[in-house]
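Me: Please take a close look at the internal cavities of this model, with attention to the residues that line them. Which parts of the chain contribute to each lining, and what is its character?

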Amino acid sequence: MPQLRPSFQLSVTIAALLAVIAVASRPVPNRWAKYTGSFAQEFTIVMLLLALWQKIGGYAHTHVAGAFAHARGVMRVEHDLHIPSEQWVQHLFLPYPDVVRSMNVYYLFFHLNGMAAFLIWVWVRHHDWFARIRNVVALTTFFCFLIQIIPVAPPRMLPGFVDTAQIYHQSVYDALGSANANELAAMPSVHAAWSLIIAFYAMRITTSRWRFITLFHWLFTWLVIVATANHWWLDCFVAAGLLGISVAIEGAFETALARRRATAPAGSAEPEPVTA
């Protein structure tokens with residue numbers, strides 16, 4: 001399975017091409033042209049948000065001061081909260097090389113690919129939800145980045161843990177390249193946040209039995225990122241909290257917009273809702 005890992009330049013280029021398609025489709029009096037233009041417009045915003053995330057993330061890449069001290073602080077907090085250690089979880093799977101290799105592959109391929117597939121599915125099948133979900137993804141990722149400016153080393157960099165991706169030559173950081181991956185941005189986990197977003201909204205917007213696949217994706221992603229020593233348990237819990245804040249902000253915005261519409265004088269022109 002190919003991994004979606006566009007560079008900042010590629011993301012901007014794709015956004016520009018989609019913007020051209022969106023503009024070119026507007027004057028065409030055709031249902032498919034309108035459909036294509038709407039898709040291009042929405043995913044222009046998605047690609048610009050991805051490009052912004054990549055560009056800003058590059059500035060935090062070289063921040064290393066205190067990363068290991070912060071990681072040991074995370075360990076102390078987890079110990080005080082009686083959270084099972086990541087080392088214990090990892091040792092449950094280390095005797096099974098094929099399982100560990102599969103987990104490495106899942107960590108590498110199902111993060112960005114999974115979110116891309118989910119957003120496309122939402123746009124095609126549940127279009128009314130798309131702007132809301134896109135905004136929550138953007139807000140959650142932004143909040144994650146704000147905390148990631150403070151470097152925190154992942155478990156695999158500390159004594160007593162095994163870097164499973166390195167020993168099996170499956171490292172996501174080798175695949176992405178040092179310019180595109182911040183190895184000291186363990187806290188919080190964007191992997192954890194995105195997988196929970198997918199499960200949370202899939203369970204809300206569809207009654208299909210296939211929606212339970214997203215629950216598996218969420219729970220298995222959290223297990224994978226801990227068992228491969230890429231993240232701490234606390235990274236997952238903080239990411240979930242940031243998602244809750246983002247959902248609350250998006251909900252407050254929608255409520256305020258609905259109240260404004262309800263109190264607007266009859267016949268007055270209402271502005272178009274802000275979708276990004």
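Reply:

**Cavity linings**

In this predicted model, the second largest cavity is lined by Phe 110, His 111, Met 115, His 191, Trp 194, Ser 195, Ile 198, His 217 and Thr 221. Two elements, α10 (190-205) and α11, each give two or more residues to this lining. The greatest contribution is that of α10, with four residues. By class, the lining of the second largest cavity consists of four nonpolar and five polar residues, with no charged residue. The volume of this cavity is about 40 Å³.

The count of cavities of 30 Å³ or more comes to two. The largest cavity holds about 50 Å³ of space. Its lining is formed by Tyr 106, Tyr 107, Phe 110, His 111, His 191, His 217, Thr 221, Val 224 and Ile 225. Here the elements that supply two or more residues are α5 (97-109) and α11 (212-227). The largest share belongs to α11, which provides four residues. In terms of class, five nonpolar and four polar residues line the largest cavity, and charged residues are absent from the lining.

Read together, the two linings have residues in common: Phe 110, His 111, His 191, His 217 and Thr 221 appear in both. Helix α11 likewise gives two or more residues to the lining of the largest cavity and to that of the second largest. Tyr 106 and Tyr 107 are among the residues lining the largest cavity, while Trp 194 and Ser 195 are among those lining the second largest.

Definitions and conventions. Residues are numbered from 1 along each chain as its sequence is written. This is a predicted model: local features need pLDDT of at least 70, side-chain atom pairs count only at pLDDT 80 or more; totals for chains, interfaces and linings use all residues. Side-chain values use heavy atoms; hydrogens and water are left out. On a 1 Å grid over the protein atoms alone, a cavity is a set of points where a 1.4 Å probe fits but cannot get out, and a pocket is an open set with protein on both sides within 12 Å along at least five of seven lines; lining residues have an atom within 4 Å of a point. Grid points are joined across faces, edges and corners, and a volume is the space filled by probe spheres set on the points. Ala, Val, Leu, Ile, Met, Phe, Trp, Tyr, Cys and Pro count as nonpolar, Asp, Glu, Lys and Arg as charged, and the others, Gly among them, as polar.
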